[in-house]
Amino acid sequence: MLQSIEGVYKNGNIQLSELPSDVSESRVIVTFLEPEKSPIQKQIMRFGMFSGNKQSTENDFEITEFHGDIEDGLDWS
């Protein structure tokens, strides 16, 4: 009798999500499925990300830009 059990291959090992019933030893066929697409990396902040009546504007982002600190004695030009 054939049984299919889902699992994960990682670092040379196969981890089954459950143990097969009535099988102590058997030959196997391993099929590698297409990998899931990587999720989009999260951004720290993006335009319009906060819900509510007042949305972020381009001006809000321009206000927060860093233009150097005069008191640190470094040349930021």
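**Reading the labels in a predicted model**

Student: Why is Leu16 called partly exposed?

Tutor: In this predicted model, the relative accessible area of Leu16 is 46%; exposed would need over 50% and buried under 20%, so Leu16, with its 46%, falls in between and is called partly exposed. Leu16 lies in strand S2.

Student: What makes S1 and S2 a pair of strands?

Tutor: A pair requires at least two bridges found by DSSP, and four bridges join strand S1 (residues 7-10) to strand S2 (residues 13-16), so the requirement is met. The two strands run antiparallel, and Leu16 has a place in this pairing as well, being the bridge partner of Gly7.

Student: What makes the patch that contains Leu16 nonpolar, and how can Leu16 belong to it?

Tutor: The patch, of about 640 Å², is made by Tyr9, Ile14, Leu16, Val28, Val30 and Phe32, and the side chains of Val, Leu, Ile, Phe and Tyr are among those counted as nonpolar. Membership asks for over 30% relative accessible area, and because Leu16 reaches 46%, that condition is satisfied even though Leu16 is called partly exposed.

Student: How do you know that Asn11 is exposed, and where is Asn11 found?

Tutor: The relative accessible area of Asn11 is 71%, and since exposed means over 50%, the label follows. Asn11 is found in the loop between S1 and S2, where the hairpin has two residues between the strands.

Student: What makes the phi of Asn11 worth a remark?

Tutor: Most residues other than glycine have a negative phi. Asn11 is a residue other than glycine, yet its phi is positive, near 55°.

Student: Which value of phi does Asp22 take, and how do you know whether Asp22 is buried or exposed?

Tutor: Asp22, again a residue other than glycine, has a positive phi near 60°, and Asp22 is found in the loop between S2 and helix H1 (58-63). With 82% relative accessibility against a cut-off of over 50%, Asp22 counts as exposed.

Student: What share of the protein chain counts as buried?

Tutor: Of the 77 residues of the protein chain, 1% count as buried, a label that requires under 20% relative accessible area.

Student: How many helices and strands does the chain have, and which of these elements has the lowest mean pLDDT?

Tutor: The chain has one helix and two strands, in the pattern β-β-α along the sequence. H1 has the lowest mean pLDDT of these elements, at 82, and S2 the highest, at 90. For the whole chain the mean is 81, with 90% of residues reaching 70 or more.

Key
Residues are numbered from 1 along each chain as its sequence is written. This is a predicted model: local features need pLDDT of at least 70, side-chain atom pairs count only at pLDDT 80 or more; totals for chains, interfaces and linings use all residues. Side-chain values use heavy atoms; hydrogens and water are left out. Buried means under 20% relative accessible area, exposed over 50%, partly exposed in between (1.4 Å probe, protein chains only). Patches are made of residues with over 30% relative accessible area and no salt bridge: like charges are joined within 9 Å, nonpolar side chains (Val, Leu, Ile, Met, Phe, Trp, Tyr) within 5 Å. Accessible areas come from the Shrake-Rupley method with a 1.4 Å probe; for residues, only the protein chains shown count as cover. A salt bridge is a side-chain nitrogen of Lys or Arg within 4 Å of a carboxyl oxygen of Asp or Glu. pLDDT is the predictor's confidence in each residue, from 0 to 100.
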